Amino acid sequence: MKKKIASVLFSIAGAAAAMAAAGYDVAAIVWPAYHPEPRWQELGIFKHGNGEWQNVYEAHTKFEGHREPLVPIWGYEKEDDPIAVARKIDAALAAGVNVFVYDWYWYEGRPFLEGALNNGFLKAPNNERMKFYLMWANHDVDHLWDNTIGKKGKTDKVWSADVSYDEFVNKLIPRFVDYFKKPNYYKIDNKPVFSFFIPNKFINGVGGMEKAKQALDIFRAEAKKAGFAGIHFQSFSSPLWRKPLTVPGQEKSTFPEMYKYLGIDSVTVYNWPSLSRVEKGKQYKTWGEESLALFDKMSKHYGVPFVPNVTIGWDNNSRYPKNETTTVIENTNAKDYEHFLRESKAWLDKNTQAGMPKLLIINSWNEWTEGSQLEPDDKNGYDFLNATARVFGGHGQAK
């Protein structure tokens with residue numbers, strides 16, 4: 001009963017803030033790992049059939065002030081259940097979140113974790129109220145998700161994310177364009193937004209910069225055939241210390257030159273570790289201040305619009321054995337988070353370039369095993385959702 005009351009109170013709070021922040025698009029990243037994906041068996045993990053929920057409820061408190069496991073107030077709901085996802089959509093909209101960014105995976109010629117999107121979100125009866133777009137999480141798979149393997153064995157590669165030119169053009173592009181055709185796929189100026197987690201890895205996989213440009217040109221052409229104005233390409237993992245690849249005809253290239261050659265339209269980051277490193281003893285307030293201070297530099301460094309990110313926290317101890325501890329960001333709290341949302345909103349008001357929406361990305365909707373989730377838990381309750389609602393209002397986002 002208490003859970004139901006909390007949910008009702010939250011919905012009322014969100015509804016009361018309706019239209020308070022019209023004109024903003026608030027996108028929350030979805031880590032689609034909490035369901036019985038068949039390919040977990042290939043990795044030999046999550047044998048309970050609950051996906052990475054198993055890491056969540058098997059977590060341990062590891063040091064003073066640490067609090068795990070966190071228990072989801074809504075229960076260990078499977079993300080390929082459309083009714084469960086329908087409730088999540090309603091809660092997100094009540095908080096002013098109107099876009100889900102789905103992590104999307106492809107390994108060894110087959111999709112991975114696609115069931116959360118295809119069977120959960122897209123079959124939810126209210127899914128068209130919520131926009132979505134894809135972020136191709138083209139990183140290799142190692143043993144990170146296996147909580148029985150320690151630090152020494154984590155980085156052993158299991159699956160490569162490399163995709164050849166032919167595979168990208170003939171298998172992935174048709175799949176992506178099918179998603180673009182969904183009425184609620186998120187677009188900027190009638191261009192579906194498509195994000196690469198690691199553009200450099202995509203470039204190397206298809207055979208270099210020239211082949212990458214050819215592949216993206218074909219991708220745009222297929223989108224235009226489907227009735228769109230093109231594609232808005234977004235680089236989703238652009239820490240300032242990453243190096244650009246060289247454009248043909250040059251000995252050395254800058255990121256603006258690389259992105260212009262490929263036609264990349266905007267950059268962002270997955271979370272704040274890409275802006276401010278996770279270090280022992282670092283406080284959440286300091287971490288956020290360091291990250292927000294780099295927004296201007298990010299935009300200038302890459303030569304394309306920067307989409308700001310607000311990250312809720314960092315703690316991935318649940319992915320490690322009981323006797324191993326990893327560094328966390330300390331004193332994560334909804335008060336500072338709300339302040340960072342307001343600062344990011346003000347930055348958007350001042351810096352959003354012509355042709356771009358006022359788009360903010362939140363990490364994340366449900367990165368439970370990285371300590372960064374909007375979904376309510378038994379420690380924070382609805383604090384982070386309510387903070388989001390106070391800043392951006394419910395149901396009041398851009399159409």
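1. Lys213 and Asp217 sit in one helix, H9 (residues 209-225), where they are 4 residues apart, about one turn of the helix. The model is a predicted one, and in it these two residues form a salt bridge whose closest N and O atoms are 3.2 Å apart. Lys213 is partly exposed, at a relative accessible area of 27%. Asp217 is also partly exposed, and its relative accessible area is 34%. Both values lie between the 20% below which a residue counts as buried and the 50% above which it counts as exposed.

2. Salt bridges are a recurring feature for a new reader to follow, and their count comes to 22. The next points take up further examples.

3. Glu370 and Arg319 meet through their side chains in a salt bridge, with 3.1 Å from N to O. Glu370 belongs to the loop between strand S10 (358-363) and helix H14 (383-392), while Arg319 belongs to the loop between strand S9 (309-311) and helix H13 (334-351), so this pair ties together parts that are 51 residues apart in sequence. Glu370 counts as buried, with 10% relative accessibility. Arg319 is buried as well, its relative accessible area being 1%.

4. Glu338 and Arg390 make another salt bridge between side chains, at 2.8 Å from N to O. Here the partners come from two helices: Glu338 is in helix H13 and Arg390 in helix H14, so the pair ties together parts 52 residues apart in sequence. Glu338 has a relative accessible area of 12%, and it is called buried because that value is under 20%.

5. Some charged side chains are joined in a group. Arg39, Glu42, Glu108 and Arg110 are linked in a network of salt bridges.

6. The nonpolar interior deserves a separate look. The largest nonpolar core has 129 residues, and the members that touch the most others are Phe100, Phe168, Phe194 and Phe219. Helix H7 (residues 165-180) supplies the largest share of this core, with 9 residues.

7. Which residues does Phe100 touch, leaving aside those up to four places away in sequence? Its contacts are Ala28, Val30, Lys88, Ile89, Ala92, Phe121, Met130, Lys131, Phe132, Tyr133 and Trp365. Phe100 is also one of the four core residues named above for touching the most other members.

Key. Residues numbered from 1 in each chain as written. Predicted model: local features only at pLDDT ≥ 70, side-chain atom pairs only at ≥ 80, totals over all residues. Heavy atoms only, no water. Salt bridge = Lys/Arg side-chain N within 4 Å of Asp/Glu carboxyl O. Buried < 20%, exposed > 50% of the residue type's maximum accessible area, 1.4 Å probe, protein only. Core = buried A, V, L, I, M, F, W, Y, C linked by side-chain atoms within 4.5 Å. Contact = heavy atoms within 4.5 Å.
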